[in-house]
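Morning, everyone. Please bring up the model on your screens, and we will walk through it together.

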Amino acid sequence: MDVRKDFPILAGNDLAFLDSAASSQKPEMVIEAMDTMLRSGYANVHRGAYRLSAEATDAYEAARAKVARFIGATSPAEVIFTRGTTTSMNMLAAKWGADRLVAGDNVVLSVMEHHANLVPWQFLKGIELRFARLTDDFALDLESVAELVDERTRIVSITGMSNVLGTITPVDRIREIAGRVGATVIVDGAQLVPHLPVDVTDLGADFLAFSAHKMLGPTGIGVLWGRPALLEEMEPFEGGGEMIDEVGLYESTWAPVPHKFEAGTPPIVEAIGLGAAVDYLTGLGMDAVRKHDVELTGYALERLATMPAVTVYGPTDLEIRGGAISFTLGDVHPHDLSTILDENGVAVRAGHHCARPLMDHLGIPATARASFSVYSSGDEVDRLVDGLKVAAKLFDIRQ
Ligand code: 7TS
């Protein structure tokens, strides 16, 4: 995939940037769309009767329509702009969870969830949280999901792709199991949507959350997609301007979906940026994006396997994994490792990756993680391996 030239930060920068799972870099197209909006198209949306505001509103709603098309939604109204995956998950836990579940109900999650799909559920009082386990090859153990789901299960909320292990989960199979008891299926798509073609009409989810900044778009905006009937049923998360229909001193009624979920001035310029990111990804084609990920991940796993002191935590089967590769080198602390890699021009993330319970499950305090996006290259993987060799030498680890 010959796209590095599209990313200004990568041009003339010899850093091997391998931390795209945390946040991706932005192509010129996104930067330019936001710049143009700020320079010549900016006004608040949904309120001004004047031309500039009407045009800004059109641009904001056009971005919503682009996102809807990108994920196969049947209508733009199914796309709610939020601040990101974290906000989307908090909204669901509060409004689809706390508002509706009663003591004795349970929510099924997995041990590999990001804190964004864990902590909001911990806010629910009197609700039991259950955790699906992993297979020996770091796949989601569907038998464990089936064992945990019972007639008191109201929600099954699972990541579409683990940000630590790279594991891709079979949402259709999860749906099958959850469907037996009428439980809602929520998918944390923060890593899934940037890397695989997603069509909500056959994904099997009732709700899908994701963030723009991990899919070449800006920070400050993300999406909550939901089935129309469920969005109608769900109460607003925040009250304020623009989410109302009628307002009295003591009570109010809500604007139609999606506006009842978008209180206050939304991230207008960010929405335009997300729309441009979606255009860019559509231009590349999500099948090509996935192919690139698979090839690069395969190459990286192959190269890392040549170093006996490297342990990779994640599926060996490329069919069920994406380009987030967690690893350790001997007993070197991942923080030390990332510092040495940085000194050698390689940026990886080290730590628990906001998945502390997963680290406990794996019996390790932390990992180093290399993660890819469309601009990542085999050359960067080679530089990672070279950096690891330098670290191995420094720590006197036999190779
Ligand atoms: N879910 C998953 C699977 C994620 O990877 C992340 C962010 C989130 C939710 C939260 O997204 P946010 O945009 O609301 O922050 N993951 C990471 C990461 O792996 N390193 O830094 C952030």
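**Two sheets and a ligand**

Let's start with a helix. Helix 13, residues 378-394, lies across strand 11, strand 12 and strand 15. Against strand 12 it runs at about 15°. Keep in mind that this is a predicted model.

Now the sheet under discussion. It is open, with four strands in the order 11-12-15-14. The pairing is antiparallel. Strand 11, at 310-313, and strand 14, at 349-351, are the edges. Each has a single partner strand, so one side of each is left without a neighbour in the sheet. From one strand to the next, the twist averages 30°.

Look at the pairing of strand 12 and strand 15. Strand 12 covers residues 324-329, and strand 15 covers residues 367-371. They run antiparallel, and four bridges join them. Which residue of strand 15 is the bridge partner of S326? R369 is. Remember that residue for the ligand.

There is another helix to place. Helix 11, residues 334-343, lies across strand 12, strand 14 and strand 15. To strand 14 it runs at about 160°.

On to the ligand. There are 16 residues around it. Which of them come nearest? T86, D188, K214, R349 and R369. Take the contacts in turn. K214 places a polar side-chain atom 2.8 Å from a nitrogen atom of the ligand. For R349, a polar side-chain atom lies 2.4 Å from a ligand nitrogen atom. R369, the bridge partner of S326, has a side-chain N or O atom 2.6 Å from an oxygen atom of the ligand. How much of the ligand's accessible area does the protein cover? On its own, the ligand has 490 Å², and the protein covers 87% of that.

Now the other sheet. Seven strands form it, in the order 2-8-7-6-5-3-4. This sheet is open as well, and its pairing is mixed. The edge strands are strand 2, at 79-82, and strand 4, at 128-132. Each of those pairs on one side only. On average, neighbouring strands here are turned by 20° against each other, direction ignored.

Zoom in on the strand 2 edge. Strand 2 pairs with strand 8, residues 222-226, in the antiparallel sense. Four bridges hold that pairing. Within it, T82 stands opposite G222 of strand 8.

Last item: helix 2, residues 51-70. Helix 2 lies across strand 2, strand 7 and strand 8. Its angle to strand 2 is about 115°.

Conventions
Residues are numbered from 1 along each chain as its sequence is written. This is a predicted model: local features need pLDDT of at least 70, side-chain atom pairs count only at pLDDT 80 or more; totals for chains, interfaces and linings use all residues. Side-chain values use heavy atoms; hydrogens and water are left out. Two strands pair if DSSP finds at least two bridges between them. Helices (H or I, at least four residues) and strands (E, at least two) are DSSP runs, numbered from the N terminus. Axes are lines fitted to C-alpha atoms, for helices over the stretch in contact, and angles run from 0 to 180 degrees between N-to-C directions. Contact means heavy atoms within 4.5 Å. A residue is near a molecule or strand if one of its heavy atoms lies within 4 Å of it. A polar contact is a pair of N or O atoms within 3.5 Å; within protein, one must be able to donate a hydrogen and the other to accept it, and residues adjacent in sequence count only if both atoms are side-chain atoms. Accessible areas come from the Shrake-Rupley method with a 1.4 Å probe; for residues, only the protein chains shown count as cover.
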